[in-house]
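Q: Could you take a close look with me at a single part of this model? I would like one connected walk through it, with the cut-offs spelled out.

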Amino acid sequence: MRSRNRVIQGFLTEVLGVDKQVSEKDACEIEHLISCQTLEKLEGYLLGEK
């Protein structure tokens, strides 16, 4: 689960510019709801994959 959280939090802070404290809380909640497919696409986006 830690990896899921890290990917989501990275997106929130690096791409959207969300404050670190807010992104930590939001990532914790989102990681329990996000589908595997969406998470894979999000991770690919952060890694610069198409």
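A: Happy to; here is a look at helix α3 and some of its surroundings. The model is predicted, so local features need pLDDT of at least 70 and side-chain atom pairs count only at pLDDT 80 or more, while totals for chains, interfaces and linings use all residues. Residues are numbered from 1 along each chain as its sequence is written, and side-chain values use heavy atoms, with hydrogens and water left out.

Helix α3 covers residues 36–46 and includes Y45; helices here are DSSP runs of H or I with at least four residues, numbered from the N terminus. Its buried residues are L39, L42 and G44, where buried means under 20% relative accessible area, exposed over 50% and partly exposed in between, with a 1.4 Å probe and protein chains only. Y45 counts as exposed because its relative accessibility is 52%. Together with V15 and L16, Y45 makes a nonpolar surface patch of about 300 Å². Such a patch joins nonpolar side chains (Val, Leu, Ile, Met, Phe, Trp, Tyr) within 5 Å, from residues with over 30% relative accessible area and no salt bridge, that is, no side-chain nitrogen of Lys or Arg within 4 Å of a carboxyl oxygen of Asp or Glu. The areas come from the Shrake-Rupley method with a 1.4 Å probe.

E43 is also found in α3, and at 34% relative accessibility it counts as partly exposed. E43 and Q9 sit 34 residues apart in sequence and 11 Å apart in space, C-alpha to C-alpha. Q9 belongs to helix α1, residues 2–15, and is buried at 16% relative accessibility. Leaving out residues up to four places away in sequence, Q9 touches K20, S23, E24 and A27, contact meaning heavy atoms within 4.5 Å. Finally, just after α3, G48 takes a positive phi of about 80°.

How values were computed
Patch = residues over 30% accessible without salt bridge, like charges linked within 9 Å, V, L, I, M, F, W, Y side chains within 5 Å. Helix = DSSP H or I, 4+ residues; strand = E, 2+ residues; numbered from the N terminus.
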